[in-house]
Amino acid sequence: MYGHSAGGTTAAEAMYEDRRIVAAVNLEGFLDHPPEAPGRKGKLYPVARYGVDRPLLLLGTDGFRYRQELERSWSAMLAHPHGRTRRHQLDQATHGVFTDYATIAPQLPSAGLMTADNRNKLVGAIDPAVSIPLLRGYVHSFVARHLPAH
(Lines give C-alpha, C1' and ligand atoms only; values in the text may rest on other atoms or scores of the structure.)
Protein backbone atom coordinates (compact mmCIF):
# COMPACT_ATOMS: atom_id res chain seq x y z
CA MET A 1 0.00 0.00 0.00
CA TYR A 2 1.27 3.49 -0.67
CA GLY A 3 0.05 7.03 -0.30
CA HIS A 4 1.04 10.67 -0.30
CA SER A 5 0.53 13.09 2.59
CA ALA A 6 -2.58 11.96 4.51
CA GLY A 7 -2.60 8.95 2.19
CA GLY A 8 0.93 8.11 3.34
CA THR A 9 -0.22 8.34 6.93
CA THR A 10 -3.09 6.02 6.04
CA ALA A 11 -0.81 3.50 4.30
CA ALA A 12 1.54 3.26 7.29
CA GLU A 13 -1.20 3.05 9.90
CA ALA A 14 -3.24 0.59 7.81
CA MET A 15 -0.21 -1.68 7.62
CA TYR A 16 0.10 -1.54 11.41
CA GLU A 17 -3.59 -2.44 11.81
CA ASP A 18 -3.91 -5.04 9.02
CA ARG A 19 -1.42 -7.90 8.66
CA ARG A 20 -2.59 -8.50 5.09
CA ILE A 21 -0.61 -5.42 4.09
CA VAL A 22 2.90 -6.77 3.69
CA ALA A 23 4.67 -3.48 2.89
CA ALA A 24 3.85 0.23 2.73
CA VAL A 25 5.23 3.46 1.28
CA ASN A 26 4.58 6.76 3.03
CA LEU A 27 5.25 9.77 0.79
CA GLU A 28 5.65 12.55 3.36
CA GLY A 29 2.72 11.76 5.64
CA PHE A 30 2.74 12.54 9.36
CA LEU A 31 2.69 9.64 11.81
CA ASP A 32 1.20 11.65 14.64
CA HIS A 33 -1.97 13.59 15.40
CA PRO A 34 -1.93 17.37 15.07
CA PRO A 35 -1.14 19.03 18.41
CA GLU A 36 -4.11 20.02 20.54
CA ALA A 37 -2.57 23.43 21.16
CA PRO A 38 0.25 25.49 19.62
CA GLY A 39 3.67 24.55 20.94
CA ARG A 40 2.53 21.09 22.05
CA LYS A 41 3.30 17.74 20.47
CA GLY A 42 0.63 15.57 18.87
CA LYS A 43 0.10 12.01 20.05
CA LEU A 44 1.95 9.44 17.92
CA TYR A 45 -0.16 7.06 15.88
CA PRO A 46 0.24 3.41 16.94
CA VAL A 47 2.49 2.65 13.95
CA ALA A 48 5.04 5.21 15.17
CA ARG A 49 4.54 4.38 18.83
CA TYR A 50 4.96 0.61 18.51
CA GLY A 51 6.59 0.09 15.10
CA VAL A 52 5.96 -2.64 12.56
CA ASP A 53 7.77 -5.82 11.59
CA ARG A 54 7.12 -5.36 7.89
CA PRO A 55 8.86 -3.08 5.39
CA LEU A 56 7.92 0.59 5.45
CA LEU A 57 9.50 3.21 3.19
CA LEU A 58 9.40 6.83 4.34
CA LEU A 59 10.11 9.10 1.40
CA GLY A 60 10.33 12.83 2.02
CA THR A 61 11.73 16.05 0.59
CA ASP A 62 14.28 18.55 1.84
CA GLY A 63 11.90 21.44 1.11
CA PHE A 64 8.74 20.26 2.90
CA ARG A 65 7.31 23.25 4.74
CA TYR A 66 6.50 21.13 7.82
CA ARG A 67 9.67 19.05 7.73
CA GLN A 68 10.60 19.87 11.33
CA GLU A 69 7.16 18.81 12.58
CA LEU A 70 7.30 15.62 10.48
CA GLU A 71 10.71 14.72 11.90
CA ARG A 72 9.37 13.81 15.34
CA SER A 73 7.06 11.05 14.14
CA TRP A 74 9.45 9.74 11.49
CA SER A 75 12.31 9.60 14.00
CA ALA A 76 10.05 7.65 16.38
CA MET A 77 9.28 5.21 13.58
CA LEU A 78 12.96 4.74 12.73
CA ALA A 79 13.92 4.23 16.38
CA HIS A 80 12.23 0.83 16.72
CA PRO A 81 15.06 -1.71 17.06
CA HIS A 82 13.33 -4.53 15.19
CA GLY A 83 11.64 -2.37 12.58
CA ARG A 84 12.17 -2.62 8.86
CA THR A 85 11.64 1.05 8.13
CA ARG A 86 13.86 2.87 5.65
CA ARG A 87 13.97 6.56 4.86
CA HIS A 88 15.03 8.43 1.73
CA GLN A 89 14.83 12.03 0.67
CA LEU A 90 14.43 13.90 -2.60
CA ASP A 91 16.60 17.00 -2.56
CA GLN A 92 15.62 20.33 -4.14
CA ALA A 93 12.01 19.18 -3.88
CA THR A 94 8.89 20.04 -1.90
CA HIS A 95 5.69 18.22 -0.91
CA GLY A 96 4.00 18.66 -4.30
CA VAL A 97 6.70 16.70 -6.13
CA PHE A 98 4.84 13.49 -5.23
CA THR A 99 1.82 14.59 -7.30
CA ASP A 100 1.10 15.34 -10.95
CA TYR A 101 2.33 18.86 -10.23
CA ALA A 102 5.86 17.48 -10.62
CA THR A 103 5.30 17.33 -14.38
CA ILE A 104 2.85 20.21 -14.80
CA ALA A 105 4.30 23.01 -12.66
CA PRO A 106 7.73 23.20 -14.34
CA GLN A 107 6.00 23.99 -17.65
CA LEU A 108 3.92 26.87 -16.31
CA PRO A 109 6.57 29.61 -15.81
CA SER A 110 7.61 29.54 -19.49
CA ALA A 111 3.93 29.89 -20.44
CA GLY A 112 3.56 32.87 -18.11
CA LEU A 113 1.05 30.98 -15.94
CA MET A 114 3.15 30.74 -12.78
CA THR A 115 6.22 32.47 -11.42
CA ALA A 116 9.42 30.47 -11.01
CA ASP A 117 9.26 31.21 -7.28
CA ASN A 118 5.77 29.72 -7.00
CA ARG A 119 6.85 26.69 -9.03
CA ASN A 120 9.71 26.14 -6.58
CA LYS A 121 7.35 26.48 -3.62
CA LEU A 122 5.00 23.91 -5.14
CA VAL A 123 7.40 21.18 -6.32
CA GLY A 124 10.92 22.48 -5.67
CA ALA A 125 13.66 23.35 -8.13
CA ILE A 126 14.27 19.71 -9.08
CA ASP A 127 13.86 18.97 -12.78
CA PRO A 128 11.01 16.54 -13.54
CA ALA A 129 13.47 14.59 -15.71
CA VAL A 130 15.23 13.85 -12.41
CA SER A 131 12.40 13.75 -9.86
CA ILE A 132 10.03 11.43 -11.72
CA PRO A 133 12.55 8.64 -12.47
CA LEU A 134 13.99 9.02 -8.96
CA LEU A 135 10.59 8.68 -7.28
CA ARG A 136 9.60 5.79 -9.55
CA GLY A 137 12.94 4.14 -8.85
CA TYR A 138 12.57 4.34 -5.07
CA VAL A 139 9.03 2.95 -5.15
CA HIS A 140 9.73 0.30 -7.80
CA SER A 141 12.86 -0.92 -6.03
CA PHE A 142 11.01 -1.12 -2.71
CA VAL A 143 8.05 -2.99 -4.21
CA ALA A 144 10.27 -5.37 -6.19
CA ARG A 145 12.28 -6.18 -3.07
CA HIS A 146 9.38 -6.69 -0.67
CA LEU A 147 6.38 -7.92 -2.61
CA PRO A 148 6.21 -11.37 -4.14
CA ALA A 149 5.71 -11.48 -7.90
CA HIS A 150 2.47 -13.09 -9.06
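Colleague: Which residues does T9 touch, not counting residues up to four places away in sequence?

Modeller: A good place to start, and please keep in mind that this is a predicted model. Setting aside those sequence neighbours, T9 touches N26, G29, F30, L31 and Y45. T9 itself is found in helix α1.

Colleague: And is T9 buried or exposed?

Modeller: The label follows from the relative accessible area, where buried means under 20%. T9 has 13%, so it is buried.

Colleague: You listed F30 there. How many aromatic pairs does the structure hold, and how should I read one?

Modeller: A pair of aromatic rings is described by the distance of the centres and the angle of the planes. The structure holds 3 such pairs. In one of them, F30 and F64 sit 6.0 Å centre to centre with 50 degrees between the planes, a tilted arrangement. F30 lies in the loop between β2 and α2, while F64 lies in the loop between β3 and α3, so their pair ties together parts that are 34 residues apart in sequence.

Colleague: What kind of pair do F64 and Y66 form?

Modeller: Their ring centres are 5.9 Å apart and their planes stand at 75 degrees, so that pair is edge-to-face. F30, F64 and Y66 together form one aromatic cluster. As for cover, F64 is buried at 9% relative accessibility, whereas F30 is partly exposed at 27% and Y66 is partly exposed at 36%.

Colleague: Let's go to the interior. Which residues have the most contacts inside the largest nonpolar core?

Modeller: For a core, look at its members and then at the elements they come from. The largest one has 19 residues, and those with the most contacts inside it are M15, L31, V47, L56, L58 and M77. Two or more residues each come from α1 (6-17), α2, β3 (55-61) and α3 (67-78). There is also a second, separate core of 13 residues, with L27, L57, V97 and L135 among them.

Colleague: What is M77 in contact with, leaving aside its neighbours within four places in sequence?

Modeller: The partners of M77 are L31, V47, A48, G51, V52, L56, L58 and T85.

Colleague: Now the loops. Where is G42 found, and what does it touch beyond residues up to four places away in sequence?

Modeller: G42 is in the loop between β2 (24-27) and α2 (46-50). Its contacts are D32, H33, P34, P35 and R72. G42 and R72 are 30 residues apart in sequence, and their C-alpha atoms are 9.6 Å apart in space. With a relative accessible area of 7%, G42 is buried.

Colleague: Which backbone angle should I look at for E28 and Q92?

Modeller: Check phi. E28 has a positive phi of about 60 degrees although it is not a glycine, and Q92 also has a positive phi of about 60 degrees without being a glycine. E28 is in the loop between β2 and α2 and is buried at 1%. Q92 lies in the loop between β4 (84-90) and α4 (101-104) and counts as exposed at 52%.

Colleague: Finally, which residues make the nonpolar surface patch of about 190 Å²?

Modeller: That patch is made by V22, V143 and L147. L147 sits in the segment after α6 (128-146), and its relative accessible area of 32% makes it partly exposed.

How values were computed. Residues are numbered from 1 along each chain as its sequence is written. This is a predicted model: local features need pLDDT of at least 70, side-chain atom pairs count only at pLDDT 80 or more; totals for chains, interfaces and linings use all residues. Side-chain values use heavy atoms; hydrogens and water are left out. Buried means under 20% relative accessible area, exposed over 50%, partly exposed in between (1.4 Å probe, protein chains only). Contact means heavy atoms within 4.5 Å. Patches are made of residues with over 30% relative accessible area and no salt bridge: like charges are joined within 9 Å, nonpolar side chains (Val, Leu, Ile, Met, Phe, Trp, Tyr) within 5 Å. Accessible areas come from the Shrake-Rupley method with a 1.4 Å probe; for residues, only the protein chains shown count as cover. A salt bridge is a side-chain nitrogen of Lys or Arg within 4 Å of a carboxyl oxygen of Asp or Glu. A nonpolar core is a set of buried Ala, Val, Leu, Ile, Met, Phe, Trp, Tyr and Cys residues joined through side-chain atoms within 4.5 Å. Rings of Phe, Tyr and Trp (its six-membered ring) pair if their centres lie within 6.5 Å; planes under 30 degrees apart count as stacked, over 60 as edge-to-face and the rest as tilted.
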